[in-house]
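Please open the model in a viewer and keep the sequence panel visible. The stops below are given in the order in which they may be selected.

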Amino acid sequence: MTTLPNRPNTALLIVDVQNGVVDGSHNRDEVIANINALLAKARSEAVPVVWIQHSSDELKPDSAPWRYVPELIREAAEPLVHKRYGDSFEETELETVLAERGVGRVVVTGAQTDACIRSTLHGAIVRGYDATLVADAHTTEDLSPYGAPAPDQVISHTNLYWNWQEAPGRKGGTVKTADITF
């Protein structure tokens with residue numbers, strides 16, 4: 001349904017599952033296990049996997065917080081996109097990487113739900129992609145001391161509203177890890 005011509009393929013995006021991003025996040029281990037299950041399925045079906053890694057003052061390149069969690073292993077042939085903004089498309093080569101692989105639909109996983117995940121989902125839809133959020137494969141930290149809802153509520157709310165997201169010729173939606181189809 002994507003509005004991008006000649007883009008029949010789907011890609012799995014693994015966004016910012018870095019030590020300094022997910023340490024202490026809600027259901028961290030379960031989310032990483034689900035991402036690993038998605039990774040195995042994508043690889044077994046020859047679905048492109050794209051890794052996205054954030055850099056900032058707190059996530060300095062090559063530092064321990066910047067590195068991906070050790071439970072997730074990127075294969076050398078899988079692209080790694082470096083970013084500095086919440087939207088994984090903004091000032092990165094993500095669009096080029098996806099175009100080269102004929103991708104018109106992205107399946108989004110990672111962290112943080114209320115920042116880079118939401119930004120990337122919206123960035124995909126406005127750029128013409130179909131964008132599916134894996135409901136049990138994204139997480140966030142507890143920002144309730146700053147007035148945000150509890151992490152489980154942030155995740156639930158994002159799953160709820162993204163399930164109904166659409167735009168002309170494009171579709172959002174959510175799916176659980178066990179129900180994913182690429």
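Select Ser55 first: its relative accessibility is 8%, so Ser55 counts as buried (under 20% relative accessible area, with exposed over 50% and partly exposed in between; 1.4 Å probe, protein chains only). The model is predicted: local features need pLDDT of at least 70, side-chain atom pairs count only at pLDDT 80 or more, and totals for chains, interfaces and linings use all residues. Residues are numbered from 1 along each chain as its sequence is written, and side-chain values use heavy atoms, with hydrogens and water left out.

Ser55 lies in the loop between strand 2 (49-54) and strand 3 (80-83); strands (E, at least two residues) and helices (H or I, at least four) are DSSP runs numbered from the N terminus. Display its contacts (heavy atoms within 4.5 Å): leaving aside residues up to four places away in sequence, Ser55 touches Pro61, Trp66, Lys83 and Arg84.

Next, select the sheet. Its 6 strands form an open, parallel arrangement in the order 3-2-1-4-5-8, where pairing requires at least two DSSP bridges between two strands. Strand 3 and strand 8 (174-175) stand at the edges with a single partner strand each, so one side of each is left without a neighbour in the sheet. Strand 1 (residues 9-15) pairs with strand 2 over 4 bridges in the parallel sense, and Ile14 stands opposite Trp51 in strand 2.

Then add helix 4, which packs on the sheet and touches strand 1, strand 2, strand 3, strand 4 (103-111) and strand 5 (130-139). Among the buried residues of helix 4 are Cys116, Ile117 and Leu121. Finally, select Gly128, just after helix 4, which takes a positive phi of about 105 degrees.

Notes:
Axes are lines fitted to C-alpha atoms, for helices over the stretch in contact, and angles run from 0 to 180 degrees between N-to-C directions.
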